[in-house]
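Please look through the structure shown here with the report that follows, which goes from the ligand and its surroundings to the sheet, the helices and some local details of the backbone.

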Amino acid sequence: MSRVAYVNGRYAPHGRAMVHIEDRGYQLGDGVYEVWAVIDGRISDAARHFDRLERSLGELSIAWPMSRPALRIVLAETVRRNRVDYGLVYLQVTRGVARRDHGFPDPPPPPAVVVTARTVDRAAAEARADKGVAVISVPESRWARCDIKTIGLLPNALARQKAREAGAAEAWFIDELGLVTEGAASNAWIVDENGALRTRDIQANILRGVTRLTLLDVARREGLTVDERPFTIAEAKKAREAFITGAGTLVLPVIAVDGTAVGDGAPGPVAKSLRRLYIDEARRNAC
Ligand SMILES: Cc1ncc(COP(=O)(O)O)c(C=O)c1O
């Protein structure tokens, strides 16, 4: 089946969907994005992603390209046209098209919008989660506003590539204090030696992951001890379990950090159970 993309007011065949060469996203990375998980053909955690989009747009003084309900319809329509039952829907909003100049164009052009959706192989994703993945650590090399979900992802792309070349699935950034911030495209978690769930607090320079937030709700509901406190790579290596979260990975067990097995080197019971509970919750709140 051929894929369809939404670009600035039109649905177009994916291979022929185009943006202008002077789109500021293309020229300067001047834009933001969101990714929602699609489960049973419905969009999961919709409101929380929209809230974060509002924040990202606001921080960069980019106007909403259309109302939230209208954007919601475009997302759903893109999912429908691509017949995605289980997968992802991607939204990108840039400051729009203008002659190349670093300062904002005045008057502001209309923001440019792209939406795509794709199917994820559910069986392959489950098999990957059953096996667990390895992560490596890399020095933090990003700017000071990682709370904004900007399309400027070069350090993340370089880190992810380094992980891939090392046979790992994700790279964890380590800040100047030796603490894990987050992954190249995910938040980082451990179950520490005392059995508490640990993940970096949102005062740190990280993306405020929606999956992270919803999983914190789920974990608290389950009566788990949650500690939004940083951890080092040494602590991760000594942890009972580790895992990552994101719209793309949901909850994915980590079985090795920088080549050292975490726990017994297999996905742990807490991560496995949180993955199940998270998917149930994501399915329940999808609309
Ligand atoms: C740097 C970074 N951290 C964390 C996440 C996880 O965020 P979410 O759970 O909202 O997908 C992502 C997702 O793309 C990311 O790029």
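## The ligand and its shell

In this predicted model, 19 residues surround the ligand, and the closest of them are Arg52, Glu182, Val210, Thr211 and Ala247. The residues of this shell divide into 6 nonpolar, 9 polar and 4 charged. Oxygen atoms of the ligand have polar partners in the protein, and three such contacts are set out in the table below.

| Residue | Partner atom in the protein | Distance to a ligand oxygen |
|---|---|---|
| Arg52 | polar side-chain atom | 2.8 Å |
| Lys149 | side-chain N or O atom | 2.9 Å |
| Val210 | polar backbone atom | 2.8 Å |

How much of the ligand does the protein bury? Taken alone, the ligand exposes 390 Å², and the protein buries 93% of that area. The elements that give two or more residues to the shell are helix α2, strand β9 (residues 180-183), helix α6 (residues 210-221) and strand β13 (residues 241-246).

## A sheet with helices packed on it

One sheet of the model is open and is formed by 6 strands, which stand in the order β2-β1-β6-β5-β3-β4 with antiparallel pairing. Its edge strands are β2 (residues 10-13) and β4 (residues 42-43), each of which pairs on one side only. Strands of a sheet pair through backbone hydrogen bonds, and the pairing can be parallel or antiparallel. Within this sheet, 2 bridges join strand β1 (residues 4-7) to strand β6 (residues 112-119), and these two strands run antiparallel; Val7 has Val114 in β6 as its bridge partner.

Helix α2 (residues 46-59), already named as a contributor to the ligand shell, packs on the sheet and touches β3 (residues 31-39), β4 and β5 (residues 87-94), while the direction of α2 makes about 175° with that of β3. Helix α3 (residues 68-81) packs on the sheet too, touching β1, β2, β3, β4, β5 and β6, and the direction of α3 makes about 35° with that of β6.

## A hairpin that includes β9

Strand β9, which also gives residues to the ligand shell, is joined by 2 bridges to strand β8 (residues 170-174), and the two run antiparallel. Trp172 stands opposite Gly183 in β9. Together β8 and β9 form a hairpin with 5 residues between them, and Gly178 in the turn has a positive phi of about 85°.

## Local details of the backbone

Which residue caps the N-terminal end of helix α4 (residues 122-131)? Asp121 does so, with a side-chain oxygen that lies 3.1 Å from the backbone nitrogen of Ala123. After α4 comes Gly132, whose phi is positive, near 85°.

Two loops hold further details of the backbone. In the loop between α2 and α3 lies Ser61, a residue other than glycine that has a positive phi, near 50°. The loop between β5 and β6 contains Pro107, which is joined to Asp106 by a cis peptide bond with an omega of about 5°.

Terms used
Residues are numbered from 1 along each chain as its sequence is written. This is a predicted model: local features need pLDDT of at least 70, side-chain atom pairs count only at pLDDT 80 or more; totals for chains, interfaces and linings use all residues. Side-chain values use heavy atoms; hydrogens and water are left out. Two strands pair if DSSP finds at least two bridges between them. Helices (H or I, at least four residues) and strands (E, at least two) are DSSP runs, numbered from the N terminus. Contact means heavy atoms within 4.5 Å. Axes are lines fitted to C-alpha atoms, for helices over the stretch in contact, and angles run from 0 to 180 degrees between N-to-C directions. A residue is near a molecule or strand if one of its heavy atoms lies within 4 Å of it. A polar contact is a pair of N or O atoms within 3.5 Å; within protein, one must be able to donate a hydrogen and the other to accept it, and residues adjacent in sequence count only if both atoms are side-chain atoms. Accessible areas come from the Shrake-Rupley method with a 1.4 Å probe; for residues, only the protein chains shown count as cover. Ala, Val, Leu, Ile, Met, Phe, Trp, Tyr, Cys and Pro count as nonpolar, Asp, Glu, Lys and Arg as charged, and the others, Gly among them, as polar.
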